[in-house]
Amino acid sequence: MNSYLFNLNTHGVFLFIASVLVYEYFIAGEREVFYHSLFSIISALIITVILKELFTIPRPFLVEGMAPGAGLTQLSSFPSTHTALAFALASTVTLHQKKFGVLVFILATAVALGRVIAGVHYPMDIFAGVLVGVLCGLFFDTIHFGKKRAKRR
Amino acid sequence: MPTKRFLLLTPIVLLFAAGVFMRSATKTTPDIACATADFSGVPALDALAIFEGRELSVPTAIAAAPSHTDVLGVASPSERWIEVDLSDQKLYAWDGSSLFLESAISSGLPQTPTPTGEFRVWIKLRATKMEGGVGRYYYNLPNVPYVMFFENENIPGWRGYGIHGTYWHNDFGTPRSHGCVNAPTKIAEKLFYWASPELPDGRYTAKSTESDPGIRVIIHE
């Protein structure tokens, strides 16, 4: 059970993103949501990794001296990449499908909380992750390159 | 105006700028294992050690230890090598194919692993101060005895990986360190005087040279 939670807390976000993307592309047929999400997720990943390289802040579990409850990279604690990815997806989906967006937002919040509870991130890292993720989502929705804009629901 | 869209990126740019400032303002020590800035090798006489929140007295006997090079020069030093088995937490010192000594050691903890591969000792220090870690794991250890720092083409010497004696714990056989190989002080002393480069009489430190290369250290799982 413990190792199951550990893995879910580490890789759950990828499962979550992949299943939402598959749903948008193949089941809902929302190609625009798919591409906007994809671009915002990739840019959120790049931005957070660069920020992690700049802010060399040790992980909370290292400072407090407990065992980490989730997998992590050797990079800095600030900001949270997991949160940024989840919120980039959540904000993009919400801009197109309000009802489904609420569900995705709840799951993204669960991802963020899981990282704090596991002791691999400070709440501040989560705020920065949310900021980066949401801004990436808004940015790709605003510039919207490509074809005609799809109808909003 | 379409350019207004890009104003959305302002917070990210600000975060980035803050990061650049912070990175330049802080003295960063990227992944330094057994961080030391003191390469003189001279032991300190009055010092207090801090390890995992506890204060320890520092053994100063190392300062009085005579420098002796009695073991070196007996056989060809180039045949000597040190094997470190991380999964068994054991160290073997080989003289060609005969075993000089073996001992339990403590290698790096999972979050600060000891690197594997083939290395050569680039500097030997009779004693040095190691300081690093954060929070609960802060350590300040003067007079770490018999230090042999090793390096290879992937792990440069400044990363601070080495083999050294240990006075702050006795858990040899289980990983305990920030990346270094912690050996019992007696074992580290024997290795120190057995391994190349040779320590000249009365000196505290020896660097490897072309004619006196550092001993080979092979670390494997």
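Start by selecting B:Lys90 and B:Glu102, whose side chains form a salt bridge with 2.8 Å from N to O. This pair links distant parts of the chain, since B:Lys90 sits in strand β4 of chain B and B:Glu102 in strand β5 (residues 98–104) of chain B, twelve residues apart. B:Lys90 is partly exposed, at a relative accessible area of 25%. B:Glu102 is partly exposed too, at 39%. Keep in mind throughout that this is a predicted model.

**More salt bridges**

How many salt bridges does a search of the whole structure find? There are five over all chains. Select B:Lys129 and B:Glu131 for another one of them, where the closest N and O atoms are 3.8 Å apart. B:Lys129 is partly exposed, with a relative accessible area of 37%. B:Glu131 is also partly exposed, at 36% relative accessibility.

Go on to B:Asp171 and B:Arg176, which form a salt bridge with their closest N and O atoms 2.4 Å apart. Is B:Arg176 buried or exposed? B:Arg176 counts as buried because its relative accessibility is 16%, and buried means under 20%. Its partner B:Asp171 is partly exposed, with a relative accessible area of 34%.

**Chain B as a whole**

Now color chain B by secondary structure. Chain B has three helices and eleven strands. Along the sequence they follow the pattern α-β-β-α-β-β-β-β-β-β-β-α-β-β. Of the 221 residues in chain B, 45% count as buried. The chain exposes about 11000 Å², and carbon and sulfur atoms supply 57% of that area. Take the contacts in chain B between residues at least 6 apart in sequence: 64% of them join residues at least 24 apart.

**A buried glycine**

Select B:Gly165, in strand β8 (residues 162–166) of chain B. B:Gly165 is buried, with a relative accessible area of 0%. Which residues does B:Gly165 touch, not counting those up to four places away in sequence? They are B:Val144, B:Pro145, B:Tyr146, B:Ala183, B:Pro184, B:Thr185 and B:Ala188. Add B:Glu189 to the selection and compare two distances: B:Gly165 and B:Glu189 are 24 residues apart in sequence, and their C-alpha atoms are 7.3 Å apart in space.

**Backbone exceptions**

Most residues other than glycine have a negative phi, and most peptide bonds are trans. The next four stops concern residues to check against that rule.

- Select B:Gln89, in the loop between β3 (80–85) and β4 (90–95) of chain B. Its phi is near 55°, a positive value in a residue other than glycine. B:Gln89 counts as buried, at 4% relative accessibility.
- Select B:Asn143, in strand β7 (residues 139–151) of chain B. The phi of B:Asn143 is near 55°, again a positive value in a residue other than glycine. B:Asn143 is buried, with a relative accessible area of 3%.
- Select B:Ser196 and B:Pro197, which are joined by a cis peptide bond with omega about 0°. B:Pro197 is in the loop between α3 (185–194) and β10 (205–207) of chain B.
- Select A:Phe78 and A:Pro79, joined by a cis peptide bond with omega about -10°. A:Pro79 is in the loop between α3 (60–64) and α4 (81–96) of chain A.

**Helix α1 of chain B**

Return to chain B and select helix α1, residues 10–25. At 1.5 Å a residue, its 16 residues should span 22 Å, and the end C-alpha atoms are 22 Å apart, which agrees. Within this helix, B:Ile12, B:Leu15 and B:Gly19 are buried. They cover an arc of only 60° around the axis, so they are on the same side of α1(B). On the other side, B:Val13, B:Leu14, B:Phe21, B:Ser24 and B:Ala25 are exposed.

What covers the buried residues of α1(B)? The cover includes α2 (31–54) and α6 (123–143) of chain A.

**A nonpolar patch**

Finally, show the surface and select A:Ile42, A:Leu45, A:Ile46, A:Val49, A:Ile50, B:Phe16 and B:Val20. These residues form a nonpolar patch with about 540 Å² of accessible area together. The elements that give two or more residues to the patch are α2 of chain A and α1 of chain B. The largest share, five residues, comes from α2(A). End on A:Val49, which is in helix α2 of chain A and is partly exposed, with a relative accessible area of 33%.

Notes:
Residues numbered from 1 in each chain as written. Chains lettered and ligands numbered in written order. Predicted model: local features only at pLDDT ≥ 70, side-chain atom pairs only at ≥ 80, totals over all residues. Heavy atoms only, no water. Expected span 1.5 Å × (residues − 1). Buried < 20%, exposed > 50% of the residue type's maximum accessible area, 1.4 Å probe, protein only. Arc of directions from axis to C-beta. Contact = heavy atoms within 4.5 Å. Patch = residues over 30% accessible without salt bridge, like charges linked within 9 Å, V, L, I, M, F, W, Y side chains within 5 Å. Areas by Shrake-Rupley, 256 points an atom, 1.4 Å probe, with all protein chains shown as cover. Salt bridge = Lys/Arg side-chain N within 4 Å of Asp/Glu carboxyl O.
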